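Please open the model in your viewer and keep the sequence panel beside it, since each stop on this tour begins with a selection. The route passes through loops, cores and helices in turn.

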Amino acid sequence: MSEQKIEFYKGPAGGWGALRSVTNALLRQDIAIKGAKTLLSANQPDGFDCPGCAWPDRNHASTFEFCENGVKAVAAEATARRAGPELFAKHTVAELAQQSDFWLEDQGRLTHPMAYDAASDRYVPIEWDAAFERIALHLNALPDPNQAIFYTSGRASNEAAFLYQLFVREYGTNNFPDCSNMCHEPSGSGMRPQIGVGKGTVTLEDFEKADAIFIFGQNPGTNHPRMLGELRMASKRGARIVSFNPLRERGLERFADPQDKLEMATLGSTPISSHYFQLRVGGDFSAVKGMMKHVIEREDAAVARGEPSVLDHEFIATHTTGFEALADDLRAESWSLLVQESGLSEAQIRAAADVYLGAKRVIACWGMGITQHQHSVATIQMIGNWLMLCGHMGREGAGACPVRGHSNVQGDRTMGIWEKPPAELLDRLQQVFGFEPPRRNGVDTVEAIQLMLDGKGKVFFALGGNFAAATPDTYQTWKGLQQCDLTVHVTTKLNRSHVIHGREALILPCLGRTEIDMQAGGAQGVTVEDSMSMVHISMGINPPASEHLLSEPAIVARLAAATIGARSKTPWLWLIEDYARIRDKIEAVFDDFKDFNTRVAHPGGFRLRNTASERVWNTASKKAVFFTHAVPLDTHAHRARARYAKKGDTIVFTLLTTRSHDQYNTTIYGMDDRYRGVFGQRRVVFIHKDDIRHLGLKDGDWVDIQTVWSDGQERRADRFKLVAYDIPRGNLAAYYPETNPLVPLSSVAENAGTPTSKSIPVVLSLHVASAPDAHAAANPADVIDAAATVAA
């Protein structure tokens, strides 16, 4: 483990630091040779799709198609370490619960299905048939199928997700909370009524032709490192890259490509952002609206002088509706309000807008820095408005690019993992499989937690993921899970969710993406869909970590056969003998997958149709829609600041939760955040140096963080080290899942339900050892300092 220190990182993103990190990741998992060989098959036509992020592959055939964090994901899966029955015999669940999230996953690959034994407080081995029988017994005993909850992680393949939604709907419910509900749900909720699709409209080829790329609320250096290669090439050919982010992120500043021999030999790097605007947390809405106001003002001035228009009037007239109302709203908007709410000056906003006006082809990218806010749907629609003003939608080299996280989160939704299924999907399932699907909407992630808390969610089944660590309002989530009669987790490694369990609990170990999936019909491949709607096949190359593992499709099919097999017309076990049979059924349900098996056999796969990129608008009006929204002035942060306005020097901060560089979602690979200069630790909070001084504290002091909320429930996370950082005043940043207890369950995005993990109103207080320790003892994730655990 690294020495605990805070030290400014001087290097670029990537470069030699990334290569050292890659080497260390393989060595730590005892797979130096095996890991290197495995990586040569990552994102290759005859290899496996990286189990990390959903960024698409450049050509699916270059020698090295992986990044630093992809290596960490592959190393974690291909590890030589094993977490077998002997681990569970050695530790009670109570003892495991006292370990850090890092320690739990670091034990290695799970090898056997395990069942919780309440008498000994241990997990003990169970045979697969007995495990399926136990789950089926619970499910079939429920008086209402809607008392069961079926969660999905974005790493499930298309084949597994399709079988899963089919089984669950034939069982009788649409309760499909999934990781989309916690990340990009607002992207789909905003884009579908605006342009008719909930997916990005661009391809990698568009990045080659864009004149300007705007990046909102995203940190590709840590979350999507392969994206830096595209940004680097764009920068080198003169494209403008404009970044809006409260934090200074090294990957948005400069990047050294480890595959560029000259750059590596000379310790050089390539500048990424031509413009970098550090707005306040949640200020993107006002910044985008300000850019549009500038465009309308320029248009009005051009018309008054008889000069050429700056708008694309042909596009607006032919393809859109709602423009005049938006233009009138923009003219009436106050610059002072936009400046106040964005945290940028009027000159900065106008400068960004001038880059937009000077480009013939503009791409807008965004991540969870946009989606995890109360007004996220409105912000995404404002970005859509902004693109459409000058026709940058459905144009080559231009469009919308929501950058998804997990490697197949987009594909899972395409396959029907959705608690609000469209009628067309249900109708087609009925036609193809001969059963009446449930028509009542199911619950999303936040609603599922409330269902469990209300005692109406009795069985919780998770196809991957780490629900207990990923979700908001941690103590409430844990309480809900513990009230279930049965919790079941399909997984590759031990995590927090397995020690926060129901009265009965099962852990079902599955194959990883890197492993050979051998079925009756031979070795099988699965398919995934990336952020740009490319569908391609993934073939594992390594022997399974244990002979007792099953694939995710096999687990779903065998569970379906055990639960509903007697009344189902679906040949569950026949389907998993050859996954091509599953793909034939997918083709029968989804028109876009015509000739699925033939098309996916081509190297690189195929792209699903995106009607918006063709300027075909599947909206109610059959046109793209300009939406008019007022600047949000009644957010939780606004109300919290008003509540404390009369309390002297008390500062209400807005906290955003974020990943470290040694992390992917809730998976902790190590204790360093290299680009932000944090080493050997995670319990830190980034804060402006002047805010530290205003609080009467000093850099390095320990503080407790408490949410400002109105429901009378105390939400706090204790003992975080202050780290002076380049972040706007009044804003904070800290890592999740450590700060997830601060996110109220009721704080969600309007019209999307996504937890507002990027905009939490909080106050800080000096840490006093005795009181917080007593509080934290009820919360194993909070009381354990992960760095101390690793050191021990």
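**Starting in a loop**

Select N751 first: with a relative accessible area of 70%, N751 is exposed, because the cut-off for that class is over 50%. As the model is a predicted one, the backbone here is to be read as a prediction, and in it N751 adopts a positive phi of about 65° although it is not a glycine. N751 sits in the loop that runs between strand 32 and strand 33.

Stay in this loop, between strand 32 (731-735) and strand 33 (760-766), and select P737, which also lies there. The peptide bond leading from Y736 to P737 is cis, and its omega is near 10°. As background for both selections, most residues other than glycine have a negative phi, and most peptide bonds are trans.

Another positive phi, of about 55°, is found at D121, which is not a glycine either; to find D121, go to the loop between strand 5 (114-117) and strand 6 (122-125).

**Into the cores**

Next, select F150, F167 and L508, which touch the most other members of the largest nonpolar core, a set of 60 residues. The largest share of this core, 8 residues, is supplied by helix 8 (residues 158-171). If you then display the surroundings of L508, leaving aside its neighbours within four places in sequence, you will find it in contact with residues including P113, W128, I135, F461, V488 and I555. A second core, separate from this one, has 54 residues, among them F216, L330, I370 and A400.

**Helices**

Return to helix 8 and add helix 29 (residues 579-589): their axes come within 10 Å and cross at roughly 65°, and the crossing is left-handed. Where they meet, N158, E159, F162 and L163 of helix 8 face Y579, I582, R583, K585, I586 and V589 of helix 29. This contact is made up of 6 nonpolar, 1 polar and 3 charged residues.

Helix 21 (residues 376-389) is the next selection; its 14 residues reach 20 Å from the first C-alpha to the last, close to the 20 Å expected at 1.5 Å a residue. Helix 21 is mostly covered, with 14 of its 14 residues buried. Just after helix 21, select G391, which takes a positive phi of about 75°.

For the last stop, select D101 in helix 6 (residues 101-105). D101 counts as buried because its relative accessibility is 14%, and the class requires under 20%. Adding S497 shows a pair 396 residues apart in sequence whose C-alpha atoms are 9.8 Å apart in space.

Methods
Residues are numbered from 1 along each chain as its sequence is written. This is a predicted model: local features need pLDDT of at least 70, side-chain atom pairs count only at pLDDT 80 or more; totals for chains, interfaces and linings use all residues. Side-chain values use heavy atoms; hydrogens and water are left out. A nonpolar core is a set of buried Ala, Val, Leu, Ile, Met, Phe, Trp, Tyr and Cys residues joined through side-chain atoms within 4.5 Å. Buried means under 20% relative accessible area, exposed over 50%, partly exposed in between (1.4 Å probe, protein chains only). Helices (H or I, at least four residues) and strands (E, at least two) are DSSP runs, numbered from the N terminus. Contact means heavy atoms within 4.5 Å. The expected span of a helix is 1.5 Å times one less than its number of residues. Axes are lines fitted to C-alpha atoms, for helices over the stretch in contact, and angles run from 0 to 180 degrees between N-to-C directions. A crossing is left-handed if the near helix is turned anticlockwise from the far one by less than a right angle, and right-handed if clockwise. Ala, Val, Leu, Ile, Met, Phe, Trp, Tyr, Cys and Pro count as nonpolar, Asp, Glu, Lys and Arg as charged, and the others, Gly among them, as polar.
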